[in-house]
Amino acid sequence: MSLLKTIDANPSTAPRESKPLPERLIGGDPSFKTWAQDETRGQMIHTGVWEATPGETRSIKGETFEFCHILSGVVQITPDGGEPVVYRAGDSFVMKPGFTGVWKTIETVRKIYVTVR
C-alpha cells in the first residue's frame with residue numbers, strides 16, 4: 001500500500017449517485033455524484049470528488065470535519081445565524097464539526113473533499 005495518493009479530479013469510474021434526504025431539501029431538485037477515492041484510519045478519513053447540480057439543502061456536519069476545494073462551479077454557504085459566503089473554482093474552505101447551515105449550489109459544483117469522522 002502506497003502512502004501517497006493522487007486524487008483524480010476527473011475520474012473515469014462510475015460515481016455513486018444520490019439525492020438529498022427529503023428533510024434536508026430546501027429548494028430545487030439537486031442530484032449528487034460521489035467518486036470516493038480513498039479511505040484510511042479504519043474508515044475515519046475519506047477523500048474523493050463530489051459534484052452537485054443546482055439546488056438548496058441543509059448542511060449538518062454533526063461530528064464530521066470536512067475540507068473542500070472547489071474545482072468548478074459556484075456555491076453559497078450560509079451558516080446558521082451567519083452571513084452567506086460564496087465559493088468558486090480555486091477556493092478552499094473547512095466546515096468544522098457542529099456546522100449547520102444552508103448549502104446553495106448556484107452553478108453545478110465539483111469539489112475535492114476530505115472528511116474526518
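Okay, one bit of vocabulary before we start: Ala, Val, Leu, Ile, Met, Phe, Trp, Tyr, Cys and Pro count as nonpolar, Asp, Glu, Lys and Arg count as charged, and the others, Gly among them, count as polar. Keep that in mind for the pockets. Also, please remember that what you see above is a predicted model.

Let's get the overall picture. How many helices and how many strands does the chain have? It has 0 helices and 9 strands. If you read along the sequence, the pattern is simply β-β-β-β-β-β-β-β-β.

Now the overall dimensions. Along the principal axes, the C-alpha atoms fill a box of roughly 45 × 30 × 30 Å. The chain's radius of gyration is 14 Å, which agrees with the value near 13 Å for a compact globule of 117 residues. As for burial, 35% of the 117 residues count as buried. And here's one I like: take the contacts between residues at least 6 apart in sequence, and 66% of them join residues at least 24 apart.

On to the inside. In soluble globular proteins, nonpolar side chains tend to be buried together. Here, the largest nonpolar core has 14 residues, and Trp 50, Val 75, Ile 77, Phe 93, Trp 103 and Val 109 are those with the most contacts inside it. The elements giving two or more residues to this core are β4, β6 (65-79), β8 (92-95) and β9. Which of them gives the most to this core? That's β6, with 4 residues.

Let's zoom in on Phe 93 from that list. Leaving aside its neighbours within four places in sequence, Phe 93 is in contact with Glu 66, Phe 67, Cys 68, Ile 70, Ile 77, Tyr 87 and Trp 103. Two of those partners, Ile 77 and Trp 103, were in the list of core residues I just read out.

Next up, Thr 105, which sits in strand β9. Is Thr 105 buried or exposed? Thr 105 counts as buried, because its relative accessibility is 4% and the cut-off for buried is under 20%. Not counting residues up to four places away in sequence, Thr 105 touches Ala 52, Thr 53, Pro 54, Gly 55, Val 74 and Val 75. For a sense of distance, Thr 105 and Arg 16 are 89 residues apart along the chain, and their C-alpha atoms are separated by 19 Å.

Hold on to Arg 16, since we need it for the pockets. The largest pocket has a volume of about 850 Å³. It is lined by 24 residues, and the closest to its centre are Arg 16, Arg 24, Trp 50, Lys 61 and Glu 66. Several strands chip in: β1 (16-18), β3 (32-40), β4 (45-52), β5 (55-60) and β9 (100-116) each give two or more residues to the lining. Back to our vocabulary: how does that lining divide by class? The answer is 9 nonpolar, 7 polar and 8 charged residues.

Two of those pocket names, Arg 16 and Trp 50, come up again when we look at Thr 34. Thr 34 is in strand β3, and it is buried, with a relative accessible area of 10%. Beyond four places in sequence, Thr 34 touches Pro 15, Arg 16, Val 49, Trp 50 and Tyr 113.

Then there's the second largest pocket, with about 250 Å³ of space. Its lining has 10 residues, with Ser 2, Leu 3, Lys 5, Asp 38 and Thr 40 lying nearest its centre. Strand β3 gives the most to this lining, with 3 residues. By class, we get 4 nonpolar, 3 polar and 3 charged.

Leu 3 deserves a quick word. Leu 3 is in the segment before β1 and counts as exposed, at 81% relative accessibility. Between Leu 3 and Val 86 there are 34 Å, C-alpha to C-alpha, and they are 83 residues apart in sequence.

Last stop, the backbone. Most residues other than glycine have a negative phi. So which residues should we look at in the loop between β3 and β4? Arg 41 has a positive phi, near 55°, and Gln 43 has one too, near 65°. Both sit in that loop. Arg 41 is exposed, with a relative accessible area of 65%, and Gln 43 counts as exposed at 51%, since the cut-off for exposed is over 50%.

That's my tour, thanks for listening!

Key. Residues numbered from 1 in each chain as written. Predicted model: local features only at pLDDT ≥ 70, side-chain atom pairs only at ≥ 80, totals over all residues. Heavy atoms only, no water. 1 Å grid on protein atoms, 1.4 Å probe; cavity = no way out; pocket = protein on both sides within 12 Å on 5 of 7 lines; lining within 4 Å. Points joined across faces, edges and corners; volume = space filled by probe spheres on them. Buried < 20%, exposed > 50% of the residue type's maximum accessible area, 1.4 Å probe, protein only. Contact = heavy atoms within 4.5 Å. Core = buried A, V, L, I, M, F, W, Y, C linked by side-chain atoms within 4.5 Å. Rg over C-alpha atoms; globule rule 2.2 N^0.38 Å.
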